Amino acid sequence: MHKFGFIGLGIMGSAMAKNLLKAGFDVTVWNRSPGKCEELVALGAKSATTPRRVVESCGITFAMLSDPAAAEAVCFGADSVLEGIGAGKGYVDMSTVDATTAQKIGAAVTGKGGRFLEAPVSGSRKPAEDGTLIILAAGDKSLYDEAMPAFERMGKKVLFLGEVGKGAEMKLVVNMVMGGMMSIFCEGLALGAKAGLEATDMLDVMDAGAMANPMFKLKGGLIAAGNFTTAFPLKHMQKDLRLAVGLGDRLGQPLFTAAAANEAFKRAKALGFGDEDFSALFKAIEK
């Protein structure tokens, strides 16, 4: 039986760990807020007291954390992942971080004799629940192959992108485009509403032509209904845009539209919408 660890039980991590349990895997979990482990334990998971204990008890440990600071804290802090890593053990960080953070964590893990894979995901709450995420892996190929049974339960498409850092960069590019799309989409809906156009008519027109896409169809209906239940927190989209703009700075690539979208999301976060769905950008634009 495959024995996996899972660190980080937020919106995404909890759903992903549940899919591993449903597949019959032996799963040991840890979360900074211990209460979030209870539902998983009720489904058959074991609960560890520290990240170190998770890694010590499992051959492969997955992590799904909120940002680079959280990813580093779990890796380098007290009773951390690094303290439990040993020869041959695998650590798969599925958090969305920048390439520099992924490389720093990867070097530390391999320096202790472990194997490292970054594997950020494209997708939000529903794909995480359905096991239909897109997994963007890079790093140790042997670990990638050994983690595949778990990846296949968490995602519908799994890519191996080469050296550590390429997964992070791919994820930032994808989320940068998504954030830009949401920004102009919300501006269009707000402009149309001010002009007296019906939201349903605008959505019908967009869905009938070259702009048709699942995100506009799903989020458009929810925005029109005033439903901003969190599938992907707005504050995390702003974080990803910030990291993407930072990547552009490092590579000397101008990102005018991404920078503007980042400012729009920063304003929405300042207005108190950070914990709502990233489509709550509409409320900030509407103001």
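Visitor: Which residues form one aromatic cluster here?
Guide: Phe4, Phe6, Phe25, Phe62, Tyr144, Phe151 and Phe160 form it. This is a predicted model, in which local features need pLDDT of at least 70, side-chain atom pairs count only at pLDDT 80 or more, and totals for chains, interfaces and linings use all residues. Residues are numbered from 1 along each chain as its sequence is written, and side-chain values use heavy atoms, with hydrogens and water left out.

Visitor: How many aromatic pairs does the count come to?
Guide: Rings of Phe, Tyr and Trp (its six-membered ring) pair if their centres lie within 6.5 Å; planes under 30 degrees apart count as stacked, over 60 as edge-to-face and the rest as tilted. By this rule there are nine aromatic pairs.

Visitor: Why is the pair of Tyr91 and Phe116 called tilted?
Guide: The ring centres are 6.3 Å apart, so the rings pair. The planes stand at 40°, which is neither under 30 nor over 60 degrees, so the pair is tilted. Tyr91 sits in strand S5 (residues 90-93) and Phe116 in strand S6 (residues 115-118). The pair links distant parts of the chain, 25 residues apart. Strands (E, at least two residues) and helices (H or I, at least four) are DSSP runs, numbered from the N terminus.

Visitor: How do you know whether Tyr91 is buried or exposed?
Guide: Buried means under 20% relative accessible area, exposed over 50%, partly exposed in between (1.4 Å probe, protein chains only). Tyr91 has 0%, so Tyr91 is buried. Phe116 has 3%, so Phe116 is buried too.

Visitor: What makes Tyr144 and Phe151 a tilted pair?
Guide: Their centres are 6.2 Å apart and their planes are at 45°. Tyr144 is buried at 9% relative accessible area. Phe151 is buried at 0%. Both belong to the aromatic cluster.

Visitor: What does Ile7 touch, not counting residues up to four places away in sequence?
Guide: Contact means heavy atoms within 4.5 Å. Ile7 touches Trp30, Pro51, Val54, Thr61, Phe62, Ala63, Met64, Leu65, Val74 and Val81. Ile7 lies in strand S1 (residues 3-7). Its relative accessibility is 0%, so Ile7 counts as buried. Pro51 is 44 residues away along the chain, yet the two C-alpha atoms are separated by 6.9 Å.

Visitor: What makes Asp79 partly exposed?
Guide: Asp79 has 34% relative accessibility, so it falls in the range between buried and exposed. Asp79 is in the loop between helix H4 (68-76) and helix H5 (81-84). Its phi is positive, about 50°, although Asp79 is not a glycine.

Visitor: How do you know which class Gly77 falls in, buried, partly exposed or exposed?
Guide: Its relative accessibility is 27%, so Gly77 counts as partly exposed. Gly77 lies in the loop between H4 and H5. Leaving aside neighbours within four places in sequence, Gly77 is in contact with Glu72 and Glu83.

Visitor: Why is H12 called roughly antiparallel to H13?
Guide: Axes are lines fitted to C-alpha atoms, for helices over the stretch in contact, and angles run from 0 to 180 degrees between N-to-C directions. Angles under 35 degrees count as roughly parallel, over 145 as roughly antiparallel, 65 to 115 as roughly perpendicular and the rest as oblique. Helix H12 (residues 234-251) and helix H13 (residues 256-273) pack at about 150°, with their axes 9 Å apart. That angle is over 145, so H12 is roughly antiparallel to H13.

Visitor: Which classes of residue make the contact of H12 with H13?
Guide: Ala, Val, Leu, Ile, Met, Phe, Trp, Tyr, Cys and Pro count as nonpolar, Asp, Glu, Lys and Arg as charged, and the others, Gly among them, as polar. Residues from H12 in the contact include Leu241 and Arg242; those from H13 include Phe265 and Lys266. The contact has 10 nonpolar, two polar and four charged residues.

Visitor: Why are H9 and H13 called roughly perpendicular?
Guide: They pack at an angle of about 65°, with their axes 9 Å apart. The range is 65 to 115, so H9 and H13 are roughly perpendicular. Met176, Gly179, Gly180, Met182 and Ser183 in H9 meet Ala258, Ala261, Ala264 and Phe265 in H13. These divide into six nonpolar, three polar and no charged residues.

Visitor: What makes H9 oblique to H10?
Guide: The axes of H9 (residues 166-194) and H10 (residues 199-208) come within 10 Å and cross at roughly 135°. That angle falls in none of the other ranges, so H9 is oblique to H10. Phe185, Gly188, Leu189, Gly192 and Ala193 of H9 make the contact with Met202, Leu203 and Met206 of H10. Six are nonpolar, two polar and none charged.
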